[in-house]
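Here are some exercises to work through with the model open beside you. Try each task yourself before reading its solution.

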Amino acid sequence: MHKTLLNGNTSELHFTINFKNEKEAVSKFESLKKSLDAECSEIACAEIFGPRWAQNALAISFPNAKFPVSAILPLDETSKPELAGARVCAVSGADVKFFESASGSRASTYSDGICDYCRSFGICVSPSIIDPETHTAANISEMKSLLLACGFKFTDIVRTWFYNDDILSWYDPFNRTRTRIFKEEKIFENLLPASTGIGAPNPSGSLISSGFIAAKRKSEGSARDAFPLDSPLQCGATEYGSSFSRAVELDTERSRRIFVSGSASIEPGGKTAHVGNIEAQVELTMQVIENILASRGLGFENVSSAVSYCLRPEYYAAFEKWLKARGNIAHVPSYSIVCRHDLLFEVELEASKNQ
């Protein structure tokens, strides 16, 4: 467990769990329930990576859950080794409220007394909308509707996730539509969120399963302490058509949080580096992230949770080798497609430093 202090007695608790089968997953979720009780905390959202048995295990342990869940399937549920786990964000010292839209999308909200937060995962629209640009617009429209229903604006978003099924076949129209909507919503004039864009199927069969974190000051007109961060080893993603910040920092009076976008083996000019070499791609990916954290005085010891996306399940061994040499990072592995055909590996993470 990693505890991030917000304000007053309010904290976020981040749990990262890995498991190999449904029985082990249920056992670990039952242990999680005990930890939640010990901390007097409540789950705000959860992310489940792995075959359908991983989602079944969550449902067994939390049968009446109201919190939003992101269920990300592997590219092949019969593949070995199975990469599976969960990331859970819980809140202590504040009441967590839940909202469900007419279409079934869920969000949670909570407050630390100074800042209000909204989290959502598993946002999907009808699989019958098969045109990429129309589907993207519908998904983002559902995000906006959730935010408005919870008392937030679209410009309050600090972090997004987009899990696009068969991403390589329609990543360009997705990016065009996202950029168009971001311009209409004046995102570029406010805060361009950190983001992850990964190719992975979801249980609903929808083209996109998305999520977000939003934050706003309680007093009207006061600015959030949120701002984008550059990547010292890379150019901005907007330079090659992707509308997201490399990272976003969100500060409170008691902590500094950094949301690092999905990062991969990309050189300063924007091209893929170390094509075909998984170990070199892992090394550069982690160097990129390490430099982003170091630019704000943080390191891997401050990581609260992470996800490693591997184009092939066997590529995870290269990351395990890196971890053995550098030290463990709380993370979940996923068998997913990165947004370029020649990228073999990607990592996203959140880090925090209490003050």
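The exercises below concern a predicted model, and they go from a sheet to the helices.

**Exercise 1.** Work out the strand order of the open sheet of six strands, and find which strands lie at its edges.

*Solution.* Start with the order, which reads E12-E13-E14-E17-E15-E16. The pairing in this sheet is mixed. Next, look for strands that pair on one side only: these are E12 (226–229) and E16 (332–335), the edge strands. Finally, compare directions: neighbouring strands are turned by 15° against each other on average, direction ignored.

**Exercise 2.** Determine in which sense E15 pairs with E17 and with E16, and over how many bridges.

*Solution.* Recall first that strands of a sheet pair through backbone hydrogen bonds, either parallel or antiparallel. Take E17 to begin with: E15 and E17 are antiparallel, with seven bridges. Here Ser308 stands opposite Val347 in E17. Now turn to E16, which pairs with E15 in the parallel sense over four bridges. On this side, Cys310 stands opposite Tyr335 in E16.

**Exercise 3.** Decide whether E15 is largely enclosed by the rest of the structure or not.

*Solution.* The cut-off to apply is under 20% relative accessible area for a buried residue. Eight of the eight residues of E15 are buried, so this strand is largely enclosed by the rest of the structure.

**Exercise 4.** Describe how E13 and E14 pair, and name the bridge partner of Leu250.

*Solution.* Locate E13 at residues 247–251 and E14 at residues 255–264. The two strands run in the antiparallel sense, joined over five bridges. Within this pair, Leu250 has Arg257 in E14 as its bridge partner.

**Exercise 5.** Find the strands that H5 lies across, and its angle to E17.

*Solution.* Follow H5 over the sheet: it lies across E13, E14, E15 (303–310) and E17 (345–354). Against E17, the helix runs at about 25°.

**Exercise 6.** Classify the packing of H5 against H6 and characterise the residues in contact.

*Solution.* Begin with the geometry. H5 (residues 278–294) and H6 (residues 316–326) pack at an angle of about 50°, and their axes are 9 Å apart. The two helices are therefore oblique to each other. Their crossing is right-handed.

Then list the contact. From H5 come Ile278, Glu279, Val282, Glu283, Met286 and Glu290. These meet Ala318, Phe319, Lys321, Trp322 and Arg326 in H6. Sorting the residues of this contact gives six nonpolar, no polar and five charged.

Notes: Residues are numbered from 1 along each chain as its sequence is written. This is a predicted model: local features need pLDDT of at least 70, side-chain atom pairs count only at pLDDT 80 or more; totals for chains, interfaces and linings use all residues. Side-chain values use heavy atoms; hydrogens and water are left out. Axes are lines fitted to C-alpha atoms, for helices over the stretch in contact, and angles run from 0 to 180 degrees between N-to-C directions. Angles under 35 degrees count as roughly parallel, over 145 as roughly antiparallel, 65 to 115 as roughly perpendicular and the rest as oblique. A crossing is left-handed if the near helix is turned anticlockwise from the far one by less than a right angle, and right-handed if clockwise. Contact means heavy atoms within 4.5 Å. Ala, Val, Leu, Ile, Met, Phe, Trp, Tyr, Cys and Pro count as nonpolar, Asp, Glu, Lys and Arg as charged, and the others, Gly among them, as polar. Two strands pair if DSSP finds at least two bridges between them. Buried means under 20% relative accessible area, exposed over 50%, partly exposed in between (1.4 Å probe, protein chains only).
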